[in-house]
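Trainee: Could you take me through the sheet of this model in detail, strand by strand, and then relate it to the rest of the chain?

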Amino acid sequence: MKPPIHDPSARQHSGAPSLLPGRGGPPTSYADVAEVERQIAELVDRPTPELRLAWRQLHHTGPPHGLSRDLLIRALANQQQEGSHGRASGALRRRLQTLAGEFDRDGASFDPGLVLKTGTTLVRQWRGQAHTILVREDGFEYQGQRYRSLTMIADRITGAHWSGPRFFGLIKRSRTSVGAAAGR
């Protein structure tokens, strides 16, 4: 039996070029960004078996059954972008999950509503007192405490269940409910 060769230049894989090269840290120049965009654009021209191999190399398992070629390309492109530009913040990922859930529940059309930027201050007058809320990446801050939702803060302020976004004036009542309330 031959002893193993410890040559750092020796390839440890099949010898084929990496399907998703450059999965290191963030790009350092516009040339690096252009290179990532070029690699993503090349995914469309790759045969499906090669895309499946790239998935297997990334996830150490085959792609889910029934995953279309289009979704496979999009998933690999997303991995490429995350590898070079970094992942989306936790707050953005949660917001996207919420929107996806609303889409699944409400059908093909929904209103994504107002997206608040981190650092935004909301002020609401309630019974002669001003209440100030700071939008944070991981939720909201009110009187030095962190909350996951505006509804929890509205409940604390009023002592009753309110829609937090409605209480803080971020969404309006629909015309049908306004007309129905006026007709009562």
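Mentor: What follows starts with the sheet, moves to the loops and the helix beside it, and ends with the helices that come earlier in the chain.

The model is a predicted one. The chain holds seven helices and four strands. Read from the N terminus, the order of elements is α-α-α-α-β-β-β-β-α-α-α, so the strands follow one another without a helix between them.

The four strands make an open sheet in the order E1-E2-E3-E4, and the pairing is antiparallel. Its edges are strand E1, residues 121-126, and strand E4, residues 145-147, each of which pairs on one side only. On average, neighbouring strands of the sheet are turned by 30 degrees against each other, with direction ignored.

Take the pairs in turn, beginning at the E1 edge. E1 and E2 are joined in the antiparallel sense by six bridges. Within this pair, Thr 121 lies opposite Leu 134 of E2. The two strands form a hairpin with two residues between them, and in that hairpin Arg 127 has a positive phi near 50 degrees.

Next comes the pairing of E2 with E3, again antiparallel, over four bridges. Here Leu 134 faces Glu 141 in E3. Leu 134 can therefore be used to read across the sheet, since it stands opposite Thr 121 and also opposite Glu 141. E2 and E3 also form a hairpin, with two residues between them.

The remaining pair is strand E3, residues 139-142, with E4, antiparallel over three bridges. Phe 140 has Tyr 147 in E4 as its bridge partner. Helix H5, residues 150-158, packs on the sheet and touches E1, strand E2 (129-136), E3 and E4. The direction of H5 makes about 25 degrees with that of E3.

Two loop residues of the sheet deserve a closer look for their backbone angles. Arg 127 sits in the loop between E1 and E2, and its phi is positive, about 50 degrees, although the residue is not a glycine. Arg 127 is exposed, because its relative accessible area of 75% is over the 50% cut-off. Gln 143 is in the loop between E3 and E4. Its phi is near 50 degrees, a positive value in a residue other than glycine. Gln 143 also counts as exposed, with a relative accessible area of 52%.

Now the helices that precede the sheet. Helix H1 spans residues 30-43 and includes Gln 39. Gln 39 is buried, because its relative accessible area of 11% is under the 20% cut-off. The side chain of Gln 39 makes a polar contact of 2.8 Å with the side chain of Gln 80. Gln 80 is itself one of the buried residues of H3, so this contact links two buried glutamines, Gln 39 and Gln 80.

Helix H2, residues 48-59, has 12 residues. From its first C-alpha to its last H2 reaches 16 Å, close to the 16 Å expected at 1.5 Å a residue. Leu 51, Ala 54 and Trp 55 are buried in this helix. These three cover an arc of only 100 degrees around the axis, which places them on the same side of H2. After H2 comes His 60, with a positive phi near 60 degrees.

Helix H3, residues 69-85, has 17 residues and reaches 24 Å from first C-alpha to last, close to the 24 Å expected at 1.5 Å a residue. Its buried residues are Leu 72, Ile 73, Leu 76, Ala 77, Gln 79, Gln 80, Gly 83 and Ser 84. Seen down the axis of H3, the buried residues fall within an arc of 155 degrees, so they line one face of the helix. Just after H3, Gly 86 has a positive phi of about 100 degrees.

Two values describe the chain as a whole. Of its 184 residues, 21% count as buried. Among contacts between residues at least 6 apart in sequence, 35% join residues at least 24 apart.

How values were computed
Residues numbered from 1 in each chain as written. Predicted model: local features only at pLDDT ≥ 70, side-chain atom pairs only at ≥ 80, totals over all residues. Heavy atoms only, no water. Axes fitted to C-alpha atoms, helices over the stretch in contact; angles between N-to-C directions. Contact = heavy atoms within 4.5 Å. Buried < 20%, exposed > 50% of the residue type's maximum accessible area, 1.4 Å probe, protein only. Polar contact = N/O pair within 3.5 Å; in protein donor to acceptor, adjacent residues only side chain to side chain. Expected span 1.5 Å × (residues − 1). Arc of directions from axis to C-beta.
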